[in-house]
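Q: Please take a close look at the place where the two chains come together, and then follow the strands and helices described elsewhere in the model. A connected account would suit me better than a list.

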Amino acid sequence: MTTTSETAVSDVAVDAPTTTRRDWVSDQEVRWCPGCGDYSILSAVQMLMPELGVPRENTVFVSGIGCAARFPYYMSTYGMHSIHGRAPAIATGLAMAREDLDVWIVTGDGDALSIGGNHLIHALRRNVNLTILLFNNQIYGLTKGQYSPTSELGKVTKSTPFGSLDHPFNPVSLALGAEATFVARTHDMDRAHMMEMFRRAHAHRGAAFVEVYQNCNVFNDGAFEAITAKGNRESMLIPLVHGRPIRFGPDAERGVVLDGQGRARIVDVADVGEAAILVHDEAREEPGLAFMLSRLSGGPSEPTPVGVFRAIDRPDYGTETTRQLDAARSAAKGATITSLLRSRPTWTVGSGAPGSGVE
Amino acid sequence: MSDTAAADTAVDQHLPESLDRVIIRFAGDSGDGMQLTGDRFTSASALLGNDLATMPDFPAEIRAPAGTLAGVSAFQVQISDHEITTPGDAPNVLVAMNPAALRAELERLELGGTLLVNTDAFDDRNLTKAGYRTNPLEDGSLKRYTVYEVPMTTLTKQAVAELGVKPRDAERSKNFFALGLVTWMYTRPVAPTLDWIENRFGAKPLVRDANLAAFKAGHAFGETAELFDHPYEIKPAELRPGMYTNINGNTALAWGLIAAGQLAHLPIFLGSYPITPASDILHELSRHKGFGVRTLQAEDEIAGIGAALGAAFGGHLGITTTSGPGLALKSETMGLAVSLELPLLIIDVQRGGPSTGLPTKTEAADLLQAMYGRHGESPLPIVAAFSPSHCFAAAIEAARIALKYRTPVMLLSDGYLANGTEPWRLPDESDLADISVPFATDTNHVDGDGNPEFWPYLRDPETLARPWAIPGTPGLMHRIGGIEKEDGTGNISYDPANHERMVHLRADKVAGIAGDIPLLEVEGDVDDAGLLVLGWGSTWGAIGGAVDRCRARGAKVARAHLVHLNPFPRNLGDVIRRYPRVLVPEMNLGQLVKMVRADFLVDARSVTKVRGVPFTAGELEAAMLKELGDA
């Protein structure tokens, strides 16, 4: 939890004009397939924006390529729909150049984890001040139904008629492996939870990464139904709440423990006793335990943790860049083009004898 | 012995013979410090007021196996008492620190030229490594040269012995012995080198003292050994009055970028990935954060240009630097920049290709990649620097075009310009024009209901540039992207007629820059030349030298040099058609010549070289005379 950055955000809110959801909706027609999970995510973001108190003109959405990447067109903010996989790189430049801006990235599993995997991990490790929303639908939608880097092993698609041989990425594990300072997971069926995760991610100073399970009703319908459908959530989603024992189930009858081998494991609370249940600590500096939690589930057919896995304080890249710049600026006070040109040894050719060198 | 005493005695005992110029090539093993030796000799000559030009020539490996041909590192410098534009053709003097250096470099030395050899390195092992069956110092194979055999390693060890330096470390100072000797031979001032050693090695007193002792010993050896009749001198050149500094192309380019930021009143953002021979621009800019320069060493070439483009969207002067292989990786983002119509500088310090090619050797074979290396109709302006110091002005010009026309601009340099040095008469800051452009601050259109709105692609009728409205500006929120945009509104549009209109608009915008760049100037026998030599890039110096020589022989030759390669200066067609013959020298297999032939339907001829080193004036002189002879 980063109380300082939340304070900073509320400072901005004082100056910002009050807006409503409608103010954040652009005049562009939304062109996702009817029934796509992207609609509910867009709606959650647009509903959240007024309460964040950031002026629209200071908000920028940057995206790459894919269905999710159309997102910026639908926000009445500044936006850039760039090229495949490169949004984290472009947004890094923008966020470094303009610390006053609120820069969001909207990306998908192919965009962020396949073609743009390199940029994502480097934006996370540098802790660039970005809010990254990864819409994970475990399929390539825009190119019409090939398997993605998060598709399950054996997935039969147009490009894998005999089943996918690729071991999938777990996006949360990947982000934690890159030592992201804020990592969370939510899903498109629960607006309140999405808004809470986005609110937390936005308040975080540094790179905030949120995986959003998102249903592609055309090419991968129901991929998350086993855990996100209303009737399944209580028994299949493991809510991570800072400072609380990690328990789930209709009667919170199940829980997570660290076993004798140092592994996180799902147990019946009755078997181990309430005192043995692991208490979630999102602020833990060392990412190993959060990583273990991310490995509890092998996919969206097993009980899966949602919530904030990790939220720690680490200086963000833009602030550090500015700090160096400010120090250099005050040291170089009065520097001009002329002083730059004369900063190496010079000599003068005059109307008379050549002048002496100056080191 | 004091420093000044050394110089004075030299003058007393041997009257120096005056030369109008000399070309010296220092060659040794990669670990022998030849670049540093050449650089120091150059600095002393620059401070003396000579005109000069240098060309480092080193292997890609940090340390290739010692004593091998692959590991030879060389540095050529020409110093003169008159204006020169190249590091010279055949060296007059070759300093060879080991057999490999002799073998690799001897063919360059002029017949009868001077050879300064470190005899200590000519043992059986090194001779074998260099591929010599017999010792060239003994088998008579060097009889066409004036050979000075100096046991530099031994003399260096003796000179530093009393300092308590270990023999192995002592040997490392032998390049300073060589530098001291050549400093004496050409009566260079010693003080600048002594001062430099003091400063550079101040933190390591033993190394400092060893280098000082070796340098002084080399100088004293020249003076006292009966080997040399007399030293030589090269008087200061009569250069234009002004303040000078010796500069290489990468430094000049980095300074040009900083100046461009100042002249545009914009902070600079460099996104770059290390690549030879462009990395020094990243290094130099990283030192100048005081000028508001942000640098990002990105995770790859694509991220480098991506971050620069993101910063440009945010209102910075966005820059990315690279060399050929990196440029290939940036292609897609360049296409996006063309579509977004944001200012962006892409700097390509060309090297030998394809692929990894010759990382440390020069070539200028990326012109067509710069011109056409993107998918779709994707034009962007191209500016090419022609000398190390011109990189400064070229960087400002590229930035000016990028900002004024809201377009990515390609700036071409090459490995020779990047590392070669020349004295540069510093421009007066007050002569540098302001290149700032305003950001959009107001709406520029009214919707059907009379409400003000902002159209991000509503163009300036004169430049066709679109407004640069940066995030943070109230009321101008807009979305841009790589999908084709509707003319004016910038909304997504798949309309065929609109696409055609946008393709033409982008092309017209770039073509229109021709009205905003200088006309091409012709020099030499402007009115009656039988041959026009048309060049671009770093061939400038060699072409100038060759044209002068041809004209001295009575041949009628004119020359013109392109700085703007897209669009061309608007009089290029007229200039080309004015002369019966056109010759285009290029460090590729003929890329500009293709563009010129295609655009103007003239029978321009090509002379090419792709050997990793620049043309010599002699080579181009021969090509020009041949072209005239064929007429």
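A: In this predicted model, A:G79 stands opposite B:R479, a residue of strand β19 of chain B. The two residues belong to a pairing that joins the chains, in which β2(A) and β19(B), the latter made of residues 479–481, run in the parallel sense over three bridges. In general, the strands of a sheet pair through backbone hydrogen bonds, in either a parallel or an antiparallel arrangement.

Around this pairing lies the wider contact between the chains, where 55 residues of chain A are in contact with 59 residues of chain B. On the side of chain A that touches chain B, the elements giving two or more residues are β2 (78–81), α3 (87–97), α5 (117–126), α12 (317–331), α13 (337–341) and β12 (346–349) of chain A. Of these, α3(A) gives the most, with eight residues. Sorted by class, this side of chain A has 25 nonpolar, 21 polar and nine charged residues.

Strand pairing is also found within chain A, where three strands form an open sheet in the order β8-β9-β10, with antiparallel pairing. The edges of that sheet are β8 (247–248) and β10 (264–268) of chain A, each of which pairs on one side only. Strand β9(A), residues 254–258, pairs with β10(A) in the antiparallel sense over five bridges, and within this arrangement A:G255 stands opposite A:V267 of β10(A). The two strands, β9(A) and β10(A), form a hairpin with five residues between them, and A:G262 in the turn has a positive phi of about 80°.

Chain B, for its part, offers a packed pair of helices: α7(B), residues 174–185, and α9(B), residues 205–224, pack at an angle of about 40°, with their axes 7 Å apart. Because of that angle, α7(B) is oblique to α9(B), and α7(B) passes α9(B) in a right-handed crossing. Among the residues that make the contact are B:F176, B:F177, B:L181 and B:W184 of α7(B), together with B:A214, B:F215, B:H219 and B:F221 of α9(B). Taken by class, the residues of the contact of α7(B) with α9(B) divide into eleven nonpolar, six polar and three charged.

Methods
Residues numbered from 1 in each chain as written. Chains lettered and ligands numbered in written order. Predicted model: local features only at pLDDT ≥ 70, side-chain atom pairs only at ≥ 80, totals over all residues. Pairing = 2+ DSSP bridges. Helix = DSSP H or I, 4+ residues; strand = E, 2+ residues; numbered from the N terminus. Axes fitted to C-alpha atoms, helices over the stretch in contact; angles between N-to-C directions. Parallel < 35°, antiparallel > 145°, perpendicular 65-115°, else oblique. Left-handed = near helix turned anticlockwise from the far one by under 90°. Contact = placed C-beta atoms within 7 Å. Nonpolar A, V, L, I, M, F, W, Y, C, P; charged D, E, K, R; others polar.
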